[in-house]
Amino acid sequence: MRALQDGLSHLRTSRIKARKSTLINCASAKSKLTTPKKVLRTVFGYDRFRGHQEETINHVIQGGDAFVLMPTGGGKSLCFQIPAMLRHGVGIVVSPLIALMQDQVMALTELGVRAAFLNSTLSAEESWDVKRQMLAGDLDLLYIAPERLVMHSTMELLSDVDIALFAIDEAHCVSQWGHDFREEYLQLSILHERFPNVPRIALTATADAQTRSEIVERLNLGGARITIAGFDRPNIRYRIALKDNPKRQLLKFISDEHPKDSGIVYCLSRKKTEEVASWLSDRGWTALPYHAGLDSDIRRTNQERFLREDGIIIVATIAFGMGIDKPDVRFVAHLDLPKSIEAYYQETGRAGRDGLPADAWMTYGMIDVAIHSQLIDSSDADEDHKRLEHRRLSTLLGLCETASCRRQVLLKYFGDESGPCNNCDTCLNPVATWDGTLAARKAIYLVNATGQRFGTVHLIDVMLGKDTERVKSFEHDTLSAFGRGQELTEREWASVFRQLVARGYLAVDMEHFGSIKVTATGYQVLQGNGDIHLRKDPAPVRKHKKSAAEILASAGSSDSTSARIFSTLRALRTEIAKTTGVPPYVIFHDATLLAMAEDRPSTLDEMGLISGVGERKIEKYGDVFLKAIAESLT
Ligand code: ADP
Ligand code: ZN
């Protein structure tokens, strides 16, 4: 502990010194940073580029336009950060969210990169200072909100400086069909008109074909080099369970598997996020709500805590997440169904950006289908749009009800082929299928015979021959189908109805909330066409799985000394984060600490070989981490 204290006070003074010398350091550093590889190694501390990063970077450095589609966590930022550092002038980054800008600028500053942002949080004096730096050629990257960028005064300012490139982050915000549409993004075509010789690079994690072509068209990127990275996120384990007291299921999931981890829980409504957050808090977890209706101060505080403290659970609507770069989110849980596979993949993609094991976990049930169908039907969108949304919903239901590998279904949706993954629930606990043709016919027949006006609860009562008040009042006990389904249990019938809806034989009718009707393909089944194989719902898995933190601290490393060093280094990182006011992961990622604990460097040079340790990090933290490692070994 003594070493820790000494180290920290040293760190505090060196931080102040470092601030003062930033400009000089970077100017001299820049001269030796001549190639993308060198920047990657020296500044970011990584040995090799991932996937398509290198070719994209080279293309932009040479002045070409680019359009980059990569999954969340794939490493899009380097694709514009490195060219901005190597090209002459400042790279202008259009970013839709203030939180995102602040995060990235903080992380870059920690790495010694000259970055700043212009947005409404700055005072007049502060923005003036940023502009002055830019005019003096002292910035490599400037983050700016789209509405500010297209302002006349900003355009004037930009014509007085050398611009290395324009990066348009979260480019799917131009899509009017998408869920993150931002009016101001439509005006970004002006960049090409005003600055025809400056390369532009658009980036997004949203991959459906329609959004893609909308981006290309609206941003005028017809001539851009398009790179589509593989969409697989192999470290994420996908699981989808049936709703059966979802809050309890969630609690069990968190306490069995992620007792100390950071995670996000998504709910559909604002009210529910608050309810679930306080329910979890009552049970001893640090769970904070987040939705667009909360006071902006509370929203900011909750988000900050999530970023800066370990082990916080955010319970949020979809308002939370875009631009959250926190790399060590260990789980994303959905208590309600999202509205499409894109939304699901984007939300779950926020787990495990650091590449370490992470969970995507969801509960879903018939109620979700009813709610979403109603949301679609009651929206102001035109009929075409509604049809599209219904199609997206049913594709997602297909994922929920699949008996084959979830990842295969997901990747196929994005146009990638793959084998079974062995890291999703259906791979790990294969589901049996059964010939449900007869059951399907009975179910569809009954829906039709009762006038297509009832929900599944009542229909199942009739199937099982229950004498409820409702059954009697509609005289459904006189139907020939009454009591003819006793070969299956209530739960099994619920599963049959759900799967028939998911496959489009039945549909949820929104004229009468939650009631079920027969579709055209459903009638074909009644006429005896086609065999229907249904999935047997697996029994809930009761196996205890270690938390990611436990895995990191034990299984991840080969012996207990590594585990001990790892937790010492984590504690040190938390201390430094508290004193310096940056989130822990901005100092070092878990993966980097784990590598330190295993390799146990004893000199600064050895430390520099560890992935994620660049020059600036050695300068700032090298000594204090070396000391902590040496001490844990004595
Ligand atoms: P995206 O913007 O695509 O969601 P980021 O750019 O935030 O993803 O990158 C995700 C994580 O991967 C970051 O922590 C980043 O430092 C890391 N990363 C990016 N490129 C590499 C690389 N070539 N080697 C190792 N880590 C990388
Ligand atoms: Zn699988």
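## Helix packing, two parallel sheets and a pocket

Helix H25 (residues 560-580) packs against helix H29 (residues 615-632) at an angle of about 145°, and their axes are 10 Å apart. The model is predicted. The crossing of H25 past H29 is right-handed. On the H25 side the contact is made by Arg564, Ile565, Thr568, Leu569, Leu572, Arg573 and Ile576, which meet Tyr621, Val624, Phe625, Ala628, Ile629 and Ser632 of H29. By class, the residues of this contact are 9 nonpolar, 2 polar and 2 charged.

Two open sheets are described next. Strands of a sheet pair through backbone hydrogen bonds, in either the parallel or the antiparallel sense. The table sets out the two sheets.

| Sheet | Strand order | Pairing | Average twist from one strand to the next |
|---|---|---|---|
| 6 strands, open | S8-S13-S12-S9-S11-S10 | parallel | 15° |
| 7 strands, open | S3-S4-S2-S5-S6-S1-S7 | parallel | 20° |

In the sheet of 6 strands, strand S8 (236-242) and strand S10 (287-290) are at the edges with a single partner strand each, so one side of each has no neighbour in the sheet. Strand S9 (residues 262-266) and strand S12 (residues 329-334) are paired in parallel over 5 bridges. Tyrosine 266 has histidine 334 in S12 as its bridge partner. Helix H11 (residues 246-257) lies across S8, S9, strand S11 (313-316), S12 and strand S13 (358-364), and runs at about 165° to S13.

In the sheet of 7 strands, the edges are strand S3 (115-118) and strand S7 (225-228), each of which pairs on one side only. S3 runs parallel to strand S4 (residues 141-144) and is joined to S4 by 4 bridges. One named bridge links alanine 115 to leucine 141 in S4.

The last feature is a pocket. Rolling a probe the size of a water molecule over the atoms shows where empty space is left. The second largest pocket holds about 1300 Å³ of space. Its lining has 49 residues, of which Tyr46, Arg50, Gly75, Arg353 and His589 are the closest to the centre. The elements that contribute two or more residues to this lining are helix H2 (36-44), helix H4 (77-86), helix H5 (98-110), strand S6 (200-204), helix H26 (584-587) and helix H27 (590-599). H5 gives the largest share of the lining, 6 residues. The lining of the second largest pocket divides into 18 nonpolar, 18 polar and 13 charged residues. Strand S6, which gives two or more residues to the lining, also belongs to the open sheet of 7 strands.

Terms used: Residues numbered from 1 in each chain as written. Chains lettered and ligands numbered in written order. Predicted model: local features only at pLDDT ≥ 70, side-chain atom pairs only at ≥ 80, totals over all residues. Heavy atoms only, no water. Axes fitted to C-alpha atoms, helices over the stretch in contact; angles between N-to-C directions. Left-handed = near helix turned anticlockwise from the far one by under 90°. Contact = heavy atoms within 4.5 Å. Nonpolar A, V, L, I, M, F, W, Y, C, P; charged D, E, K, R; others polar. Pairing = 2+ DSSP bridges. 1 Å grid on protein atoms, 1.4 Å probe; cavity = no way out; pocket = protein on both sides within 12 Å on 5 of 7 lines; lining within 4 Å. Points joined across faces, edges and corners; volume = space filled by probe spheres on them.
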